[in-house]
Each structure stands twice: as C-alpha cells, then as structure tokens.
Amino acid sequence: MITFTIAIVALVLGYVLYGAFVERVMGVDKNRPTPAYTKQDGIDYIPMPLWKVFLIQFLNIAGTGPIFGAISGILFGPAAYLWIVLGCIFAGSVHDYMSGMISLRRNGASLPEIVGDELGSGIRLIMRVFSLFLMIMVGAVFVTTPAGLLAGMIPSDWGFFGTAEFWSVVIFCYYIMATLLPINALIGRIYPVFGLALLIMAIGVFVGIFMHSGNMPEITEAFHTHHPKELPIFPFLFITIACGAISGFHATQSPMMARCLQNERHGRIAFYGAMITEGFVALIWAAAAINYAGGSTNNLADIMASTGKANPAVIVNFICNDWMGRVGAILAILGVVAAPITSGDTALRSARLITADFLHFKQDTIWRRLVVSVPIFVLAGTLMLIDFDVLWRYFGWFNQTLSIFTLWAITAYLYKNGKPYIITMIPAMFMTMVCTSYILVAPEGFAVNYMIGSIISIVVTIGVAIAFLFVFKSRKTLAA
C-alpha cells in the first residue's frame, strides 16, 4: 500500500514539475493562431473548449491497455508500479505532448507526415503504412473486448441480442458513424457520458483498494520477476503495459485534438495531462488486481484463467461486483466498456485522416469521406475474424514499435531547433532496445536465446543512436 500511495503522489508531482519543464522546452505562444481557427472546416478543424479537448484526448488514448494491460503487468510484481510511473512521466507524457504540439505547429499534420518531415521520405512511407495498419488493428481489437463485456451483462434469455456477435455489430456501426460524421456531432456529444462512466469506475475501484485489506507487495520486491510463467521483466513487462506508460497509438490521436485546441497553452493539460491521467487508471487497476488476489501473482493468474483463458476481463468483473455492489458494478463495467470504445472509434477516424492526408484528398463531403473510409471498414471487419489473443500480442509490439519512430522524430525536431533533445533520445533508445529484444526472444517473434537477443538489442540500440547523431550532425554542418 505504501508503494501504491507513493506512486500516485509521484504522478501528480511529475505533471506539476516535469510537465512544466517539458512545456518550457517546447515553448508556447498564447498569441499564435491555432489550426482550429486558421483551417476551420466544421468537420475535423473545430475550436473546442479545453475541458472537452482533454476529455476526448483522454478517452481516445485510454483503451483497454491501462486496464487489461496493467492487470496483466502486475503479474510481474511491483516493478509494474515503477514502469507505469517512470514511463508515464518521462516517456509517455513527453511523447504525447510533443507529438501533439508539433502537429499543432504544422496545421494539425498527422503522425506519418510529422515523422516523415523529420526523418525523411523513406520513413514517411513506412510510417504511413505502419500507422494505418495499427489504426485498423485498434479498430478491430477494440470491438471484441467491449462486445464480450456487454454480452456478459445481458441476461441469458435474450438470445442473439445477448451475444458478443450482436454487440460487435452494434459497436462497429457506431464506429462507422463516428468516423464519418463531424467530430462535434457524435464524439463531442457522447464522450461526456463515457467520461462520467470511466470516472465513476476509477473512483470506485480506487476507494475499494483502501477499503479491502488485501496484501500488496512493496517496491522492495520489484527487482525480480514474480510472473507465474517466470517471464523476465525485460522486455516483457514493457510490452505488456503499454498504454499506461507509453504507447505509439497515442501520437496518432494527438493530431486529432491539435486540430481543435483554441490556444497553445492548453497543450500541456490536453496532451501531457491526459497521459498522466491514464497512468492513474493503470496504477489503480494494477493495485486493485493484486490486492484482490491477496498479493499473490499465482492467485491472480488462477483467477484470470478461471474461464479457461488468461483473460483480465474476469478479474474486472469480480472486482466490480465484489467491491461496488450490483449498481456500482454496472457503472464500473460500463466505464471499462467505454475505454476501448472511445479508442476504437477515433482509431478508425484517424485512419481516415491519415489516408486523406497522404492522398491529399479533401474530406469536405460525406461522399469523399466514404471513398476513403469504406476500404478501412472492410479491412477492420476482416481483422475481427482473427483470434483475439493472437491479434492482441501483435498489436502490443506494433504499438510500442510505433512509439520508437515518434520518439526519434521528436528528438530530430528538438535537435534541429537547438533544444535539449536528450529528453526524448533516452526514451527513444530504451524503447528501441525493448522492441528489438521482444521481437527476437518472444515466442511469437523469432524465439532466440534470451541472452543473445538481449545483447543484439543493445548493439542495435547503440548503432541507431550513433547513426542518428552522425546523420543529423552532418546535416547541421552542411546547412551551416
């Protein structure tokens, strides 16, 4: 409990202190017109109040990751707390804020265009394909999870209307409307409702942690893995907990809200603050899960596997029902349902915007938006047919790998503008090492020897860092 409490306080201090420092590094001009006004079109570029921008950004990024990822991550032990706090303050929030602010300065440019401007046209092409595929994958992944949870809340005598298949169709139809309609027509109206549900869920579970006397391991036990399968903390923890610490998906969402910010000063709350808030959600669910299991990762794994598969949704249902009563449980589970839905809808919307940006195809009419969106809907629907467990594992690696490109692009931006680029270069190097190691040693990767894979990942990371400094110092010399 002491470690959990300190972690909560650390996140608050991270926003107040390091968030202010990162804002100074970026530099803000309250008098600079934002694209919400200079490119206002009533569809994607619309000035919105700060509270609404923050709420949409938070709900965009807070999918199942900070809930299911954190529950699976605490199986590694209290090292999960460290990763959530340090990753959120020094990597994830900086990643989200910088990508959002650079987009703001470039008329709401989408992530592939930002990365391409900084790292070259070849990387731009890779990012276009990579980002687009990830958005479509998110749209598919974040249909299955909420559909299953909603089906579990429906009485069994409802027949087809109580099945996951029925709710998958309903959710996917909502995604189609959210992708095509102006952002304030559906997303801007329904998100306050989703936000309230998510807030009630977080508060209820947070209170439950202090009201239920479960054993919670402290930080002194953090430096060796507690995972029942004896998976090493590095790199598996850093892929398992993505959205609660750092997630490449977030940088695809930041440009969407960069097109709606009324003032540059709002960026810190909207981008850095939303990520810190997601860190709170991840901490709460990690602590609640291990508390409910009596401090034993083996017990937690057994509870999650009680339906035959290692499913974090099981522990979510148990905690909500046991700690919050029937009504509270319904509200809490609705909050958990809201999280993936409010990421899936904007993921497909982002896919439309990314495609339209690189095709230079205006989105001023519903028919133009349909031309871009129909292939996206078809691909997302096809991916929904793939086994969820397989899709989720690859989504995790794709997601974290995307953050590498974004962090190196931000580092290039800071370097070229004479700013302290070390604040993103260190996270970029760390995530390069994590993702390289994971794809080498993981069973769904190349499954090479752990030690060999780790050494190769270190060599690759050092090589990338040296190449980066060499290339950009050379460009700076030529420019001079």
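What radius of gyration does the chain have, and what would a compact globule with 480 residues have? The chain comes out at 21 Å, against a value near 23 Å for such a globule, so the two agree; the radius is taken over C-alpha atoms, and the globule rule is 2.2 Å times the number of residues to the power 0.38. This is a predicted model, in which local features need pLDDT of at least 70 and side-chain atom pairs pLDDT 80 or more, while totals for chains, interfaces and linings use all residues. Numbering runs from 1 along each chain as its sequence is written, and side-chain values use heavy atoms, with hydrogens and water left out.

As for the fold, the chain has 18 helices and zero strands (DSSP runs of H or I, at least four residues, and of E, at least two). The C-alpha trace spans about 65 × 50 × 40 Å along its principal axes. Some 58% of the 480 residues are buried (under 20% relative accessible area with a 1.4 Å probe, protein chains only; exposed is over 50%, and partly exposed lies in between).

Aromatic side chains form 28 pairs (ring centres of Phe, Tyr or Trp, the last by its six-membered ring, within 6.5 Å; planes under 30 degrees apart are stacked, over 60 edge-to-face, the rest tilted). F160 and F161 pair edge-to-face, with centres 6.3 Å apart and planes at 65°. F160 is exposed at 52%, and F161 partly exposed at 48%. Y415 and Y421 also sit edge-to-face, at 5.0 Å and 65°; here Y415 is buried at 9%, while Y421 is partly exposed at 24%. Elsewhere, F130, F133, W397, F398 and F405 make up one aromatic cluster.
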